[in-house]
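Reader: Could you take a close look at the disulfides in this one for me? I'd like the geometry, where the partners sit and how covered they are.

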Amino acid sequence: MLSDRLKIAKAGAGPDVMLSRQTLLNCAAFKGYGGGCDGGDPIDVFRYMAKFGLPGEGCLSYTATDHSKYADIGLKACPAGGYCVNCMPVKDKDVCWPVKTPILYTVTAYGRVGEPGGDPAANARAMQAEILARGPIVCSIATPDALVYGYRGGLFDDKNSSTRDDVDHDIEVVGWGEGPAGPFWRIRNSWGELQGAGAC
């Protein structure tokens, strides 16, 4: 969501930037923001970026690992190589080193859209207004088995009416629409073409 908002804010100026998810997984838990592959909340990402910033994915590509690879060898903080590295072939061998001052992207404001347990219609209007004003938002959802194992595209209707107690996943809400069965949200999920592939 933040990478998409960055693209919108830049309006095509400068290079396209995807924020480094791997840097976040490697380093945020050492600062108390989330548990890496063991989970976290969107607020952890916003707070980490507000305080420390994130480099672009050119610093570190996604490897589906987290801070535990450093904690397992006794490190108590994210090493410089866990934040941003550069590599170059030297005598037919890749040599890599930490980048000390990478370009960082930060957030200056973040907050909740709508009210928990509030009027659903008012919350939907607040979500739509935020998307129109600044771009996609992140939303927490329940992921029943029918979604996890059975979804293959199109509209998904939770026939089991999962409740707030079942919420266990975050998605990016990019828009909305009206279908034969009523209104729907258009989302982007992180599971990729093969659900669960590449996850931590």
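Author: The link of Cys87 and Cys96 is right-handed, with 110° about the S-S bond. Keep in mind that this is a predicted model, so every value here is computed from predicted atoms. The two sulfurs of Cys87 and Cys96 are 1.9 Å apart. As for cover, Cys87 is partly exposed at a relative accessible area of 40%, and Cys96 is partly exposed too, at 46%.

What surrounds that part of the chain? Strand 1 covers 85-90 and strand 2 covers 93-98, and each of these strands gives two or more residues to a nonpolar surface patch. The patch comes to about 330 Å² and is made by Met88, Val90, Val95 and Trp97. Take Met88, which has its place in strand 1: its relative accessibility is 46%, so Met88 counts as partly exposed, since the partly exposed class runs from 20% to 50%.

Now for the rest of the set, as the structure holds three disulfides. Another one joins Cys59 to Cys84, S to S 1.9 Å. Here the torsion about the S-S bond is about -65°, so the Cys59 and Cys84 disulfide is left-handed. Cys59 sits in the loop between helix 3 and helix 4, while Cys84 sits in the loop between helix 4 and strand 1, so the bond ties together parts 25 residues apart in sequence. Is this pair buried or exposed? Cys59 is buried at 13% relative accessibility, and Cys84 is buried at 2%. Both fall in that class because buried means under 20%.

That leaves Cys27 and Cys78, with their sulfur atoms 2.0 Å apart. This pair links distant parts of the chain: Cys27 is in helix 2 and Cys78 is in the loop between helix 4 and strand 1, 51 residues apart. Cover is split between the partners: Cys27 is buried, with a relative accessible area of 3%, whereas Cys78 is partly exposed at 23%.

One more cysteine to put beside these is Cys139, which counts as partly exposed at 22% relative accessibility.

So, to recap the handedness: right-handed for Cys87 and Cys96, left-handed for Cys59 and Cys84.

Conventions:
Residues numbered from 1 in each chain as written. Predicted model: local features only at pLDDT ≥ 70, side-chain atom pairs only at ≥ 80, totals over all residues. Heavy atoms only, no water. Patch = residues over 30% accessible without salt bridge, like charges linked within 9 Å, V, L, I, M, F, W, Y side chains within 5 Å. Areas by Shrake-Rupley, 256 points an atom, 1.4 Å probe, with all protein chains shown as cover. Salt bridge = Lys/Arg side-chain N within 4 Å of Asp/Glu carboxyl O. Helix = DSSP H or I, 4+ residues; strand = E, 2+ residues; numbered from the N terminus. Buried < 20%, exposed > 50% of the residue type's maximum accessible area, 1.4 Å probe, protein only. Disulfide = S-S within 2.5 Å.
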